[in-house]
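Dear colleague,

I am handing over the structure we spoke about, and my notes on it follow directly below. Please read them with the coordinates open beside you.

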Amino acid sequence: MNTLAENVSMIKPSPLLARKAIVKIENLCVEYRRRELCGATKPVVNNLNLSVQEGEVYGFLGPNGAGKTTTMNVLLGFTNATSGEAWLFGENVREPIARQRIGYLPELTYYYKFLSAEELLRFYACIFRIPKAERERRIDDVLKLVELEHARKRQIKTYSKGMQQRVGLAQALVNNPELLILDEPTSGLDPVGRMKVREVIQRLKNEGKTVFFSSHELGEVETVCDRVAILHQGELKLDGRLSELAESNRCSLEQLFLRVVGYEHHPDTPPLPCV
Amino acid sequence: MNNLFAVAGVVIKELYRRKDFYVLFVLTILICVVMGSVRIFNDAKIARYLKEICLLLVWISSLVIAITTTARQIPAERENRTLFPLLAKPLSRTELLVGKFLGCWFACGLALLCFYLFFALLAGSREQHWSFINYFQAAVLHWVMLGVVVALTLLGSLVFTAPSSNTTICFLAVAGILILGRHLNKVALHLPEPRRSILYAVYYCIPHLELFDVRDLIIHNWPPIPWRVCILATVYALAYATAFLIAASLVFRRKAIN
């Protein structure tokens, strides 16, 4: 079996790599200041390099605290990088214009509970300066896509968690984005809710959208992703096409993930089945 | 402007869909109607006292609405994580702040309109005449003053972590300025240096919100204020509101939101 380092380096350039890079990160480092250590810094992302090509569904994996959300925060302009650069559509992420063509779904967001889904989407569509007729058409389309047409006039406070997450997905899609950044989109949802979100991602993939998403649901990642990256302690440990990784390692994504993050298997628990 | 009005629209919707305003409005109506229905000491000019109490309630209610509504805006966005999808859109932090300011200020304006309409009805029913120009001037100056309070509270919401501490501090600051602001220079006269200079500096730095309190104008049916003075007062308030908003924008731009 090849080593992980070999796997990373052996990945041949796929036809997708010839496409335009929608997300590009070069030598990204992010450090947070620790309050308890009199201003000492803690590296959260360390020298990260990756790119996501047009039309790809890219799974961004890693255990909690690996630096996934921080990387997304840099891409969205919420956090400034300590060093290195990141670009969306060739625009530096520090420029607000870089966010014109993206949709973002954060993890566990409680949208304005006094608004209805329709009003919430109208508000977000206004920010994108979508003309009125087009705006109403887009709202109808996304509400249909996330199956919330029946509840469009109800206030969000009456929604279940799954419905709230689908409203979140609808707001991320209201501007018909070319790139979707999803931070654990199925977190906290029941199996039906997860399936619905997964179906939406699958449909977006079929429409040729680029999706960059983090998740702990490895089964879901295997279902929808073209390529995955595994981040551990702020460092990129693995980046490659799913099919090639599975072939070269002869194991499931879950096994690969556990190996990459250095999980030691307890002898009393049954081993994970190999592919 | 499009982004500003979109953000402001959500704040206004929040005000009329929450119960805070209705509770204060109904409470003011109840107190004034009950007080207006009783005849105290058979005083023929009782309407003057009634107007004074009603206006005091309107002032307290408007400050409660302005400060509590504004203080929760940014912290609620952070707590509910709605700040993330919002700033992931082509909306700058300054636009968000100005939108929130306009929303809170217009919402206060709508609340004031209801309060002053009720006041006009009450005063007119007791006095059988309406000093519309006086009511209009008092309401406009009151609203302009609330602009300063809203901007100050917005700045406080970025400096203080908890909305409750911001609300308390803003209430104390505004009440302090309204009650003591006009007397600071007289107190400074009797103080030794350097306290005198410090107090004078405070006197000239604080926004003199008491200048906008023209309740006596309508309580005693005095002639209207010259429009020139109203415009100057408006410019004065807008200058302070702008200064607070610029400070808030500088703080917000440097603040990590993750």
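In this predicted model, helix α5 of chain B meets helix α6 of chain B through a set of residues that can be listed in full: L97(B), K100(B), F101(B), C104(B), W105(B), C108(B), G109(B), L112(B), Y116(B) and A120(B) on the α5(B) side, and Y135(B), A139(B), H142(B), W143(B), L146(B), G147(B), V150(B), A151(B) and L154(B) on the α6(B) side. Sorted by class, the residues of this contact comprise 15 nonpolar, three polar and one charged. An α-helix has 3.6 residues a turn, so residues three or four places apart point the same way. The axes of α5(B) and α6(B), the latter spanning residues 132-159, come within 9 Å and cross at roughly 150°. Because angles over 145 degrees count as roughly antiparallel, α5(B) and α6(B) are therefore described as roughly antiparallel to each other, and the crossing in which α5(B) passes α6(B) is right-handed.

Helix α5(B), residues 93-127, also packs with helix α3(B), residues 46-79, their axes coming within 10 Å and crossing at roughly 165°. This pair, α3(B) and α5(B), is therefore roughly antiparallel as well, and the crossing of α3(B) and α5(B) is right-handed. The contact of α3(B) with α5(B) is made up of 17 nonpolar, five polar and four charged residues.

Turning to where the chains meet, 22 residues of chain B are in contact with 26 residues of chain A. On the side of chain B that touches chain A, the helices α1 (2-17) and α4 (83-87) of chain B each supply at least two residues, and the largest share, seven residues, comes from α1(B). The class composition of that side of chain B is ten nonpolar, six polar and six charged residues.

Chain A has nine helices and ten strands, and of its 275 residues 41% count as buried. Among the contacts in chain A that link residues at least 6 apart in sequence, 69% join residues at least 24 apart.

Six strands of chain A form an open sheet with mixed pairing, in the order β6-β7-β8-β3-β9-β10. At its edges are β6 (102-105) and β10 (235-241) of chain A, each of which pairs on one side only, and the twist from one strand to the next averages 15°. At the β6(A) edge, four bridges join β6(A) to β7(A), residues 179-183, and these two strands run parallel; the bridge partner of Y104(A) in β7(A) is I181(A).

Which strands does β3(A) run parallel to, and how many bridges join it to β8(A) and to β9(A)? Four bridges join β3(A) to β8(A), with the strands parallel, and F60(A) has S214(A) as its bridge partner in β8(A). Four bridges likewise join β3(A) to β9(A), again in parallel, and here L61(A) has I230(A) as its bridge partner in β9(A). As for burial, β3(A) is mostly covered, with five of its five residues buried. Both faces of β3(A) are covered, since V57(A), G59(A) and L61(A) on one side and Y58(A) and F60(A) on the other are all buried.Two helices of chain A pack on this sheet. Helix α6(A), residues 191-206, lies across β3 (57-61), β7 and β8 (210-214) of chain A, and runs at about 150° to β8(A). Helix α9(A), residues 253-260, packs on the sheet by touching β3, β9 (227-232) and β10 of chain A, and its direction makes about 30° with that of β9(A). The buried residues of α9(A) are L253(A), Q255(A), L256(A) and F257(A), and they pack against β3, α7 (218-224), β9 and α8 (242-249) of chain A. After α9(A) comes G262(A), whose phi is positive, near 75°.

With best regards

How values were computed
Residues numbered from 1 in each chain as written. Chains lettered and ligands numbered in written order. Predicted model: local features only at pLDDT ≥ 70, side-chain atom pairs only at ≥ 80, totals over all residues. Contact = placed C-beta atoms within 7 Å. Nonpolar A, V, L, I, M, F, W, Y, C, P; charged D, E, K, R; others polar. Axes fitted to C-alpha atoms, helices over the stretch in contact; angles between N-to-C directions. Parallel < 35°, antiparallel > 145°, perpendicular 65-115°, else oblique. Left-handed = near helix turned anticlockwise from the far one by under 90°. Pairing = 2+ DSSP bridges. Buried ≥ 20, exposed ≤ 12 C-beta atoms within 10 Å, placed from the backbone.
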